[in-house]
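Take a slow look at the fold below before reading on. Keep it in view as you follow the text.

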Amino acid sequence: MLRHTSANAEALVPFDLEPLAVRRDPLPARAQSVLSFASSASMLRTMKTMLLCTGAAAFSGRAALRATASSPLRMAATTAAGGAISHIKEGETIPSVTFKTRTRIDSDVENPFDWKDLTSEDLFKGKRCVIFSLPGAFTPTCSSTHLPGFESKYEEILAQGVDEVYCLSVNDAFVMRQWGLAQGLEEDKTPGSLGFKKVKLLPDGACLFTRGMGMSCVWDSERGFGERSWRYSAVINDMKIEKLFVEQPAIQNSGPDPFEVSDVDTMMDYLKSASS
């Protein structure tokens, strides 16, 4: 039994460090352990996931348990193909994290941007927002349908009592900006802006928000992706999940990339019904 500890979480991880078969001329015990550990690909993936997760900053409330204690254990148990994704539920509080964004500054330099930290509270506290999350910038469904759909109905969404619409992906701010430009989104060149006039692209480069939402997943064997976000959309009302649409089945290393309920039309149907 190997004990894994960190400042944020402590978990007992059952690793069988002994060889499966007894050698007639056994190696020293330490060497056997090393060989057994190295031979287990799934074990390596588990350790990698746990090291990533336990480095996350602490979050508040129930989200703290999800991001710093529950998530490492849950992810370690489910990163194998077909493992279920255990995500946040309606009525629960979203994780409190800091997003590393790039904002335009008033300057004539070639790259007129600077870093701007935005917290979950900055974006969602006291507001009613729509967020949709997707596996990656520049990927097919995300680029052909998911983002364009919400962009095209941005004003209609705001008319339903929504303050802002965010598109989130586990990509850094530089990638998200270039994706927005490639998508033809209209730039907002006002100093201090998040870059675009309609749907705002939110970089979750360190996967902190996604882990706190319980939406972290991998497609390493299917698409060569590392840690990404499962596809979903939600209404966040004053830091709590008002409504959540999660593509099903929500599993690790999914062969298909389902896109049935996180689309803009499903969201519009809900918003209209909620306001009637």
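Which elements do the buried residues of α7 pack against? They pack against β3 (98–104), β4 (113–119), β5, α5, β6 and β7. Packing here rests on contact, meaning heavy atoms within 4.5 Å. Buried means under 20% relative accessible area, exposed means over 50%, and partly exposed lies in between (1.4 Å probe, protein chains only). The labels come from DSSP runs: helices are H or I with at least four residues, strands are E with at least two, and both are numbered from the N terminus.

Some ground rules come next. This is a predicted model, in which local features need pLDDT of at least 70 and side-chain atom pairs count only at pLDDT 80 or more, while totals for chains, interfaces and linings use all residues. Residues are numbered from 1 along each chain as its sequence is written, and side-chain values use heavy atoms, with hydrogens and water left out.

Now the overall picture. The protein has 10 helices and 11 strands. Of its 276 residues, 49% are buried. Take the contacts with a separation of 6 or more: 66% of them join residues 24 or more positions apart.

Go back to α7, which covers residues 173–182. Its buried residues are A173, M176, W179 and G180. Seen down the axis of α7, they fall within an arc of 125 degrees, so they line one face of the helix. That arc is taken from the directions that run from the helix axis to the C-beta atoms. A general rule helps here: an α-helix has 3.6 residues a turn, so residues three or four places apart point the same way.

Next, find the sheet. It is open, with five strands in the order β7-β6-β5-β10-β11 and mixed pairing. Two strands pair if DSSP finds at least two bridges between them. The edge strands are β7 (200–203) and β11 (240–246), and each pairs on one side only. From one strand to the next, the twist averages 25 degrees. Strand β10 (residues 232–237) runs antiparallel to β11, and six bridges join the two. One of the residues to look for is I236, whose bridge partner in β11 is I241.

Two helices pack on this sheet. Helix α5 (residues 140–152) touches β5 (128–134), β6 (164–169), β7 and β10, and its direction makes about 175 degrees with that of β5. Helix α7 touches β5, β6 and β7, at about 155 degrees to the direction of β7. For these angles, axes are lines fitted to C-alpha atoms, for helices over the stretch in contact, and values run from 0 to 180 degrees between N-to-C directions.

Strand β8 (residues 216–219) is another place to stop. Both of its faces are covered: S216 and V218 on one side, and C217 and W219 on the other, are all buried. Four bridges join β8 to the antiparallel strand β9 (residues 225–229). In β9, E227 is the bridge partner of V218.

Now turn to charges. A salt bridge is a side-chain nitrogen of Lys or Arg within 4 Å of a carboxyl oxygen of Asp or Glu. The whole structure holds 11 salt bridges. One of them joins K243 and E90, at 3.7 Å from N to O. K243 lies in strand β11 and E90 in the loop between α3 (61–78) and β3, so the pair ties together parts that are 153 residues apart in sequence. E187 forms another with R177, at 2.7 Å. R104, R177 and E187 are linked in a network of salt bridges.

What about D188, in the loop between α7 and β7? D188 is buried yet has no salt bridge. K197, the nearest side chain of opposite charge, is 6.0 Å away. In this count Lys and Arg are positive and Asp and Glu negative, while His and the chain ends are not counted.

Finish with some backbone details. A cis peptide bond joins Q248 and P249, with omega about -5 degrees. P249 lies in the loop between β11 and α10 (264–275). C207 is a residue other than glycine with a positive phi, near 65 degrees. C207 sits in the loop between β7 and α8 (208–212), and its relative accessibility is 2%, so C207 counts as buried.
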